[in-house]
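Colleague: I'm new to reading structures, so could you pick one part of this one and go through it slowly? I'd like to hear about its pocket, what surrounds it, and then whatever you meet on the way out.

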Amino acid sequence: CAEVVAHVHLKHPKAPIFGVGFSMGANVLVKYLGEAGSSSLLSAAVSVANPLVLEPGARRISVPGFCSRVYGSRIVARLRDYVHRHQGVLQGLMDPEVAASCATVWDFDHNITSQAFGFNGAEDYYNRASCAHVLPTVAVPLLLLNAQDDPLALAQPIEALPVQKHTIFAMTAQGGHLGWLEGWWPFRECWASKVSLEFLAAVLRVLPPHVPAPAQASNIHGRD
């Protein structure tokens with residue numbers, strides 16, 4: 001994430017940059033913001049359906065049940081297929097035979113993801129990759145948008161999250177995972193998309209671009 005943001009900044013050094021992340025992408029985005037702190041090259045960001053703490057959702061889609069059938073089985077099938085299709089590039093980093101034997105997301109993260117990237121098993125990976133613990137160091141306007149009925153990004157108590165004054169945590173009663181469909185004809189309009197654009201437009205109107213000095217930009221370039 002940091003390298004992508006730094007690349008965009010180098011191409012457009014005078015333009016404010018906004019980030020919008022969805023689901024696991026939202027976790028990656030917020031983790032970047034927290035780790036970058038005041039050196040962030042983003043002016044503001046929106047996090048949609050962010051699990052915040054990865055382990056509970058990973059457990060839920062890895063045990064037999066509705067979430068496993070609808071989400072878990074599809075996710076792990078795509079992960080296995082990804083390793084199979086790119087095994088030439090991933091040789092030495094991931095074992096295709098082990099990946100093919102993984103039946104759940106938890107299995108894959110424990111035997112493949114954690115081993116490939118230096119984590120001590122799935123629990124260590126989920127703990128260290130979760131963005132919740134870096135929320136106190138996010139230094140730009142951030143909208144966290146989640147739904148209480150999200151089967152993957154399990155609801156986190158708002159009062160338990162260590163957010164800063166420029167972070168807005170909006171929790172709706174309904175919305176599912178990346179849903180928030182509205183209107184008589186679903187799939188045409190998404191309430192979350194409109195709210196996200198309104199938030200970023202408001203930031204653009206009232207705040208100056210948050211662009212670090214060149215030295216800060218060079219320091220963050222190359223971080224994970």
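Modeller: Sure, and let's sort the residues into classes before anything else. Ala, Val, Leu, Ile, Met, Phe, Trp, Tyr, Cys and Pro go down as nonpolar, Asp, Glu, Lys and Arg as charged, and the others, with Gly among them, as polar. Keep in mind too that you're looking at a predicted model.

Now for the pocket. How do we find empty space in a protein at all? Rolling a probe the size of a water molecule over the atoms shows where such space is left. Here the largest pocket holds about 1300 Å³. It is lined by 38 residues, and Met24, Val28, Leu54, Asp109 and Tyr125 are the closest to its centre. Five helices each give two or more residues to that lining: α2 (24–36), α3 (54–60), α4 (66–85), α7 (105–116) and α8 (122–129). The biggest share, 7 residues, comes from α4. With our classes in hand, the lining comes out as 26 nonpolar, 5 polar and 7 charged residues.

Let's walk round those helices, starting with α2. Just ahead of it, Ser23 sits in the loop between β1 (18–22) and α2. Most residues other than glycine have a negative phi. Ser23 goes against that, with a positive phi of about 55°. It is buried too, because its relative accessibility is 17% and the cut-off for buried is under 20%.

Inside α2, the side chains of Glu35 and Lys31 form a salt bridge, at 2.4 Å from N to O. Why can they meet? An α-helix has 3.6 residues a turn, so residues three or four places apart point the same way. Glu35 and Lys31 are 4 residues apart in α2, so about one helical turn separates them. The two partners are not equally covered: Glu35 is partly exposed at 31%, whereas Lys31 is buried at 17%.

Helix α8 has a pair of its own, with a salt bridge between the side chains of Asp124 and Arg128 (3.0 Å, N to O). These two also lie 4 residues apart, about one turn of α8. Asp124, at 21%, counts as partly exposed, and so does Arg128, at 44%.

There's a bigger set of links as well: Glu55, Arg59 and Glu123 belong to a network of salt bridges. Going by the residue ranges, Glu55 and Arg59 fall in α3, while Glu123 falls in α8. Across the whole structure, a search finds 6 salt bridges.

Arg59 leads us on to α7, where Trp106 lies. Along the chain, Trp106 and Arg59 are 47 residues apart, but their C-alpha atoms are separated by 6.8 Å. Trp106 is buried, with 17% relative accessible area.

What about cysteines? Cys67 is buried at 8%, while Cys1 is partly exposed at 34%. The structure holds 0 disulfides.

Now let's step away to helix α1, which covers residues 2–11. Its buried residues are Ala2, Val5, Ala6 and His9. Look down the axis of α1 and they fall within an arc of 100°, so they line one face of the helix. Over on the other side of α1, Val4 and Lys11 are exposed.

Last stop, further along the chain. Lys194 and Glu182 join their side chains in a salt bridge of 2.4 Å, N to O. Since Lys194 lies in helix α9 (residues 191–206) and Glu182 in strand β5 (residues 181–182), the pair ties together parts that are 12 residues apart in sequence. Lys194 is partly exposed at 38%, and Glu182 is partly exposed at 24%.

A couple of tryptophans belong to this picture. Trp191 lies in α9, and Trp180 is in the loop between β4 (167–172) and β5. They are 11 residues apart along the chain, with 5.4 Å between their C-alpha atoms. Trp191 is partly exposed at 30%, whereas Trp180 is buried at 7%. Trp180 also has a positive phi, near 55°, in a residue other than glycine.

Terms used:
Residues are numbered from 1 along each chain as its sequence is written. This is a predicted model: local features need pLDDT of at least 70, side-chain atom pairs count only at pLDDT 80 or more; totals for chains, interfaces and linings use all residues. Side-chain values use heavy atoms; hydrogens and water are left out. A disulfide is a pair of cysteine sulfur atoms within 2.5 Å. Buried means under 20% relative accessible area, exposed over 50%, partly exposed in between (1.4 Å probe, protein chains only). On a 1 Å grid over the protein atoms alone, a cavity is a set of points where a 1.4 Å probe fits but cannot get out, and a pocket is an open set with protein on both sides within 12 Å along at least five of seven lines; lining residues have an atom within 4 Å of a point. Grid points are joined across faces, edges and corners, and a volume is the space filled by probe spheres set on the points. A salt bridge is a side-chain nitrogen of Lys or Arg within 4 Å of a carboxyl oxygen of Asp or Glu. The arc is that of the directions from the helix axis to the C-beta atoms.
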